[in-house]
Amino acid sequence: MRFLTSGRRHKAARPLLLLLSLFLVGAVYAAVSPATSSSAEGVADAQLVAAGKNLFAVNCASCHGLNAEGLAQQGAPNLTNVGAAAVDFQVRTRRMPMANPLTQAVPGSKTIFTDDEIKALAAYVASLGNGPAIPDQNQYDPSNVSAEGAARGGDLFRTNCSACHNFKGAGGALPNGVVAPRIENTPPEQVWEALRTGPGQMPVFAAGAIPDQDVQKVIAYIKQVNAAPSAGLSLGGLGPVAEGFWAWVAGIGSLVLFAIWIATRGTRA
Amino acid sequence: MAKPAELSPASPAMEVRTPPKDPGPSKLAGPATWVDERIGLAKLMSNIRKVFPDHWSFLLGEIALYSFVILLLTGVFLTIWFKPSMAEVDYAGSYELLRHVRMSEAFSSTLSISFDIRGGLLVRQIHHWSAMLFVAAMTVHMLRVFFTGAFRKPRELNWLIGVGLLSIGLVEGFAGYSLPDDLLSGTGLRFVDGLIRSIPLIGTWAEFFVFAGEFPGTLVIPRLYMVHILLVPGLLLGLISAHMALLVYHKHTHWPAPGRTNHNIQGYPFFPIYVAKAGGFFFIVFGITILMGALIQINPVWLYGPYNPSQVTAGSQPDWYMGFVEGAIRIIPNWEWHVLGTTWSWNIFLPGVALMGLLFTALAVYPFIEAWITGDKSEHHLLDRPRNAPNRTAFGVAGMAAYGMLWLAGGNDIIATQFQVSLNNVTYFMRVAVFVVPVLAFIVTKRICLSLQRADKDRVLHGSETNIIVRSPDGGYSEAHVPISQGEAYSLTRHPQLDALPPNGEKLGRTRQRLSRWYADGQVPTPTVEEIEAAAHHSDAPALEGSDTAESGVSH
């Protein structure tokens, strides 16, 4: 034991000890921490649900309650029957966990969870009751929609979506600072999940009202209408307000400059 | 028994003159003579040397005129293919994202102009941008006339014609906006349907008259087409002709300057100077409009889709010139009466019908009200600089502020999404701002005008800054001023002073007397001859600041 005692007054002893203890804490945490990506892969459902339950307790329970029963005074809904699709949508788009419970859950930059963690959370919430599952690709994939199907999707879009999300999905305002977000580039599975789970103020569009085939058509329309070329600068797709702004600024503005130029040019009869 | 007037021997009338030998019509003159003998071309051509003064703000009306020409040209192109029919068809054109969607023939033909007619989309976009510019140019032209006092006697009637042009310009624009029968057209028509219905007592009958039954019916598009391509353009053409005939009759106004008086007009002749300038400006306006049509998308009806009463889109707004009505409707509280089973929709009638009536009535009566307040019955051919009519200028800016607030309120949802603020807060703010901001604008503008008057007076009395800082032997610094030119001094002092009407001079009412006193109050009197002379004397011996000698003074 002499090497321990002899070196303990060495200059590097303290920093080294600190590093060692940090490493130990990290190693222990890694060993006991639930639902790491490697442990979630390929395990049975029960294990996934258990991992999800742990994640839920750490990340969600403070508002939604330990058993997802919701907390009315926090404005946090009961999650018993929201289904895996709702969890996948809310967590993957960074709406949940919320930064501030008093404002709208707006899509953030990037989710803080890995795919497997989201899967585990979704599996746990799905195990609590009945709700839409995370969709398979064949439920939302718009690649098989025909041209006419996309046109039909446009009609459905204008009937059901454009009132809030604007005619090409550029988004719009709702009361009290809430917005209907831009959906021009939303991934198809998230459109499907939003329709089926009705996040925020959005109504639920159940399969009985808009079957999966029609959802694919709507998704195909959003994709194609935004991929189509516009007739010049599209001005953000905001409608006549932007057009009026440019008529005054670019149109009248430049014409007045030209008028000034013409009036000051030499006029010698 | 009047004594015959003596003719001076030098008078040209005393010279013996022989008529020049008629060389006979030259080859070129032949056709001209032929026309002259039949329609009096020579007399018309005598106006060709008509003099126009030069100032950029006199060209704003020309933008409107040229936009109107562009609208006629592009409009003719569009009528060749547009079908003003509300018959329902199954779309089979080349825009795939509307394939087999049910729509009216009007919308289908608009799509075919956009996608299947060569150049159709470009012409549609030019037509629409031109319409936006037409109304915008009329507006700025009107503001120029207002702020310079060009509406005063003898031009009141021409001002009224202008107000008429602006108001039916809105009708024309709205009818055109409605014709394609796209989702925004239909939403706009529904809006107007609401306005018509909100008129007390006759609303429902008027609605049934306009739409030939329930909204939307099948006749409104053909009717609007008639309004858009025949009735209103005809009225516009007639009024524009009258507007310009009166312009020629009154001659143009001009800014005060040496040699420019109320009784003359200085400028350059129509031919060749203004033919070149105005012709060139026409091509510039046309060019800018074409550039906008080619580069900036406007009214993409294929994205809005055909009108369907069950659909609506976020961002449903009218074109800019109806934005103030839209804004008023958006911010008004829900005021409605229910009396004996009848509904009185003040929440639609006041911000819609009454507001438009108020705007155009205020515009129409303003020249007469101002003349009544000032008691000014003289002719005015010299323009006012806006600062020299502070109350008029402040009133105009207040009006612009009120209009601007309503305008912004019309885009409250766009403001909410683009600036990430609450839609409700924007609306509450605008409810207050539409009344408060004009008052603030009035006060601030009037103060700025009076300050500018003071600055003018200062410039006349003390000259202009030389930008040369002189250091005196004692270390003081001063900037010498040089007197301004006589011409500039004339321009700065020639505006008439506003005088309150003499008390009970003509048995004035108390209101009129008070208004007249208020209108003339606060203005900075133009310097008198003595003041100018005294000031000139004073600046002959500029003293340097910081010198302690007895004759030192502050040089200005």
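## Two cis prolines in chain B

B:P272 sits in helix α10 of chain B. The peptide bond that leads into this proline, from B:F271, is cis. Its omega angle is near 5°. This is a predicted model, so every value here is computed from predicted atoms.

A second cis bond runs from B:F215 to B:P216, with omega near -10°. B:P216 is placed in a loop of chain B. That loop joins α8 (203–211) to α9 (220–250).

## Helix α10 and its partner α5

Two packed helices are described by the angle between their axes and the distance between the axes. Take α5(B) and α10(B), which spans residues 270–295. Their axes come within 8 Å and cross at roughly 125°. The two helices are therefore oblique to each other. The crossing is right-handed.

Which residues make this contact? From α5(B) come B:L122, B:Q125, B:I126, B:W129, B:S130 and B:L133. They meet B:T289, B:I290, B:M292, B:G293 and B:A294 of α10(B). By class, the contact residues are 7 nonpolar and 4 polar, with no charged ones.

## Helix α10 and its partner α3

Helix α3 of chain B covers residues 60–81 and also packs on α10(B). Here the angle is about 60° and the axes are 9 Å apart. That angle makes α3(B) oblique to α10(B). The crossing of α3(B) with α10(B) is right-handed.

On the α3(B) side, the contact uses B:E62, B:I63, B:Y66, B:S67, B:V69, B:I70 and B:L73. On the α10(B) side, it uses B:A278, B:F281, B:F282, B:V285, B:F286 and B:T289. These residues divide into 10 nonpolar, 2 polar and 1 charged. B:T289 appears in the contact with α3(B) and in the contact with α5(B).

## Helices α13 and α18

How do α13(B) and α18(B) cross? Helix α18 of chain B runs over residues 510–520. Its axis and that of α13(B) come within 8 Å, at an angle of roughly 90°. That makes α13(B) roughly perpendicular to α18(B).

Helix α13(B) brings B:Y366, B:E370, B:W372, B:I373 and B:T374 to this contact. Helix α18(B) brings B:R512, B:L515, B:S516 and B:Y519. The classes are 5 nonpolar, 2 polar and 2 charged.

## The second largest pocket

Rolling a probe the size of a water molecule over the atoms shows where empty space is left. The second largest pocket holds about 1,300 Å³ of space. It is lined by 42 residues. Closest to its centre are B:L359, B:G399, B:A402, B:Y403 and B:L406.

Which helix gives the most to this lining? It is α14(B), with 10 residues. Several helices of chain B each supply at least two residues. They are α5 (120–147), α6 (156–178), α12 (323–331), α13 (346–374), α14 (390–410) and α16 (423–462). So α5(B) takes part in the pocket lining as well as in the contact with α10(B). By class, the lining of the pocket has 37 nonpolar, 4 polar and 1 charged residues.

## An unusual backbone angle in chain A

What is the phi of A:A68? It is positive, at about 60°, although A:A68 is not a glycine. This alanine lies in a loop of chain A, between α5 (61–64) and α6 (83–92).

Conventions
Residues are numbered from 1 along each chain as its sequence is written. Chains are lettered from A and ligands numbered from 1 in the order in which they are written. This is a predicted model: local features need pLDDT of at least 70, side-chain atom pairs count only at pLDDT 80 or more; totals for chains, interfaces and linings use all residues. Side-chain values use heavy atoms; hydrogens and water are left out. On a 1 Å grid over the protein atoms alone, a cavity is a set of points where a 1.4 Å probe fits but cannot get out, and a pocket is an open set with protein on both sides within 12 Å along at least five of seven lines; lining residues have an atom within 4 Å of a point. Grid points are joined across faces, edges and corners, and a volume is the space filled by probe spheres set on the points. Helices (H or I, at least four residues) and strands (E, at least two) are DSSP runs, numbered from the N terminus. Ala, Val, Leu, Ile, Met, Phe, Trp, Tyr, Cys and Pro count as nonpolar, Asp, Glu, Lys and Arg as charged, and the others, Gly among them, as polar. Axes are lines fitted to C-alpha atoms, for helices over the stretch in contact, and angles run from 0 to 180 degrees between N-to-C directions. Angles under 35 degrees count as roughly parallel, over 145 as roughly antiparallel, 65 to 115 as roughly perpendicular and the rest as oblique. A crossing is left-handed if the near helix is turned anticlockwise from the far one by less than a right angle, and right-handed if clockwise. Contact means heavy atoms within 4.5 Å.
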